[in-house]
Amino acid sequence: MVIIVALGGIYYYQSTHFNANITINNTKVGGLTAEKAIKKLKTTVMKNDVYVGNKLIFNGKNTKTGFTDKNLPELKKILKMQRTFFPSSRVKNYSLLPANLDQYRNQTMKKTVEEKLVSMNKSLKAPKDAQVQLKQGKIIVSKSEAGNQYDVATLLKDYSKHEYSSVIHLKVAYLQPIKADSAIVKEQKKKLQELMQRNVDYKVQNKIYSFNGQDVIKNATISKDLKVTIDPSDIQNKIAEINRTQSTLHKNYTFKTHSGKVISVKGESYGWSINVVEESKRIQAALEKGKKSILAYNVYGIGWNTYGVGYHTTANNGIGNTYAEVSIKDQRIWIYKDGKLKVTTHVVTGRHDTNEDTPKGVWYIMYKKSPSILRGSEVGNPNYSIKVNYWAPFTNSGCGFHDAYWRTNWASDAYLHYGSGGCVNTPPSVMKTVYDNLEQNEPVIIY
């Protein structure tokens, strides 16, 4: 009977009192009832000191815990959870959220601790990740180096676990470098290796050039998120070489005249060139994305059309079979369409004795307009304005084909002393035919 009473007494005590080494938010409540425990928690003063390991990093102001009688039901649940039939010496700390949340504790103070850690890190050595890079065609991995900067994110997570402890002890956590044998470094190496094995066919007009990663990617770096930064020098050099050998802008054209004579004429506005920098970016992007082939796109020219007139023409040494031929010596023009002569006529070109000669070279028809008003200047007439029925300019300076109803001297030597201000004066009787057979962007060869 005595044993039964004793056991009953033990059971009653255990069911109404916390075990000896129980703490709540690191406040000791061992041996207390739930009512006495809540009273102690309500009156406990929070020191708000924060340690990282043994180092005090923040000395906060004292505050109350924020516990009220509203927390009593939750406290009783903890009492029930930790209860054992016989007294236990097991150490256990429970977390309990105060009814009145302390804004200073969970917001202001936490933010201040974060700022303190960030500030401390400025004077500490940062860890150095293992670096993967491509140098002169070889993949090199540098060694990592440890540092002593704090891992702020990890420490703040730890802080949240101890938010309602009077004194917060955070376990020391340092920022760790990415090591040479890590999974991310292996992925970086793999991506660079794959990049070097890729190949892109680059088509310029009717020619195809192969860009192999091993040949044109000699130096590159790669970030943690696997973004590759390629040194474009070798790609640019290869495109520049293609440009030197294949582009036509400002180069001489080999041209067979109406008489069959082969001459060389300097390209002026007619012709195209590759934008080396922009095209190298496209080649680089194609290699990175694994594209197999791309067409040249960033081609430019000068004059009215800045795309690069003649890029899509490869026949007849790049001039094609549709063009206008102008002979200053013969004072005559020939208009060809698809290789067939459509019209030929005598003309009067720019006045020679005043250096207003129609400029020689390979140009192109910028546009056509009918009718049109021509405005400009010439020797003896500094400010003229005259209406013509047909106008087809081929230089930005204002030279072009047009009818000249005012002209009376159409002699073959008229251009020497009585020529135009630079244009190709065409007899009104044939100008419409000439105009109808000219096409925008077609070459104009003047020699």
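Trainee: Which residue forms a salt bridge with K432, and how far apart are the closest N and O atoms?
Mentor: Good place to start, and keep in mind that this is a predicted model. K432 sits in helix α11 (residues 428–437), four residues from D436, so the two are separated by about one helical turn. A salt bridge needs a side-chain nitrogen of Lys or Arg within 4 Å of a carboxyl oxygen of Asp or Glu. K432 meets this with D436, the closest N and O atoms being 2.8 Å apart.

Trainee: Is D436 buried, partly exposed or exposed?
Mentor: The cut-offs that matter here are under 20% relative accessible area for buried and over 50% for exposed. D436 has a relative accessibility of 42%. That value falls in between, so D436 counts as partly exposed.

Trainee: How many salt bridges does the structure hold?
Mentor: The pair K432 and D436 is one salt bridge, and K281 with E278 is another. For the structure, the count is 11.

Trainee: In which helix do K281 and E278 lie, and how many residues apart are they?
Mentor: These two form a salt bridge, with the closest N and O atoms 3.4 Å apart. K281 is partly exposed at 48% relative accessible area, and E278 is partly exposed at 32%. Both lie in helix α9 (residues 276–289), about one turn of the helix from each other, and the spacing is three residues.

Trainee: Which residue forms a salt bridge with E279?
Mentor: Look in helix α9 for a residue about one helical turn from E279, three residues apart. That partner counts as partly exposed at 26% relative accessibility. The closest N and O atoms of the salt bridge are 3.0 Å apart, and the partner of E279 is R282.

Trainee: And E279 itself, is that residue buried or exposed?
Mentor: Buried means under 20% relative accessible area. E279 has a relative accessible area of 0%, so E279 is buried.

Trainee: Which side chain of opposite charge is nearest to D49?
Mentor: D49 lies in strand β4 (residues 49–52), and D49 is buried yet has no salt bridge. A salt bridge would need the charged atoms within 4 Å. The nearest side chain of opposite charge is 5.8 Å away, and that side chain belongs to K47.

Trainee: With which side chain does D49 make a polar contact of 2.5 Å?
Mentor: Setting aside neighbours within four places in sequence, D49 is in contact with L56, F58, N59, G60, S166, V167 and I168. One of these residues also has its side chain joined to that of D49 by a polar contact of 2.5 Å, namely N59.

Trainee: What is the relative accessibility of I168?
Mentor: I168 lies in strand β10 (residues 167–170). Beyond neighbours within four places in sequence, its contacts include D49, V50, Y51 and R105. I168 counts as buried, because its relative accessibility is 0%.

Trainee: Which residues make the nonpolar surface patch of about 510 Å²?
Mentor: One member of the patch, L7, is in helix α1 (residues 2–16). Patch residues must have over 30% relative accessible area, and L7 is partly exposed at 33%. The residues that make the patch are I3, L7, Y11, F85 and F86.

Trainee: What kind of peptide bond joins S370 and P371?
Mentor: P371 lies in the loop between β23 (361–364) and β24 (372–378). Most peptide bonds are trans. Here omega is about -10°, and the bond between S370 and P371 is cis.

Trainee: What is the phi of N317?
Mentor: Most residues other than glycine have a negative phi. N316 has a positive phi of about 55° although it is not a glycine, and N316 is in the loop between β19 (299–300) and β20. N317 is in the loop between β19 and β20, and although it is not a glycine, its phi is positive, at about 60°.

Trainee: How far apart in space are K329 and T349, C-alpha to C-alpha?
Mentor: K329 is in the loop between β20 (323–327) and β21 (332–337), and counts as exposed at 72% relative accessibility. K329 and T349 are 20 residues apart in sequence, and their C-alpha separation in space is 9.7 Å.

Key: Residues are numbered from 1 along each chain as its sequence is written. This is a predicted model: local features need pLDDT of at least 70, side-chain atom pairs count only at pLDDT 80 or more; totals for chains, interfaces and linings use all residues. Side-chain values use heavy atoms; hydrogens and water are left out. Patches are made of residues with over 30% relative accessible area and no salt bridge: like charges are joined within 9 Å, nonpolar side chains (Val, Leu, Ile, Met, Phe, Trp, Tyr) within 5 Å. Accessible areas come from the Shrake-Rupley method with a 1.4 Å probe; for residues, only the protein chains shown count as cover. Buried means under 20% relative accessible area, exposed over 50%, partly exposed in between (1.4 Å probe, protein chains only). Lys and Arg count as positive and Asp and Glu as negative; His and the chain ends are not counted. A polar contact is a pair of N or O atoms within 3.5 Å; within protein, one must be able to donate a hydrogen and the other to accept it, and residues adjacent in sequence count only if both atoms are side-chain atoms. Contact means heavy atoms within 4.5 Å.
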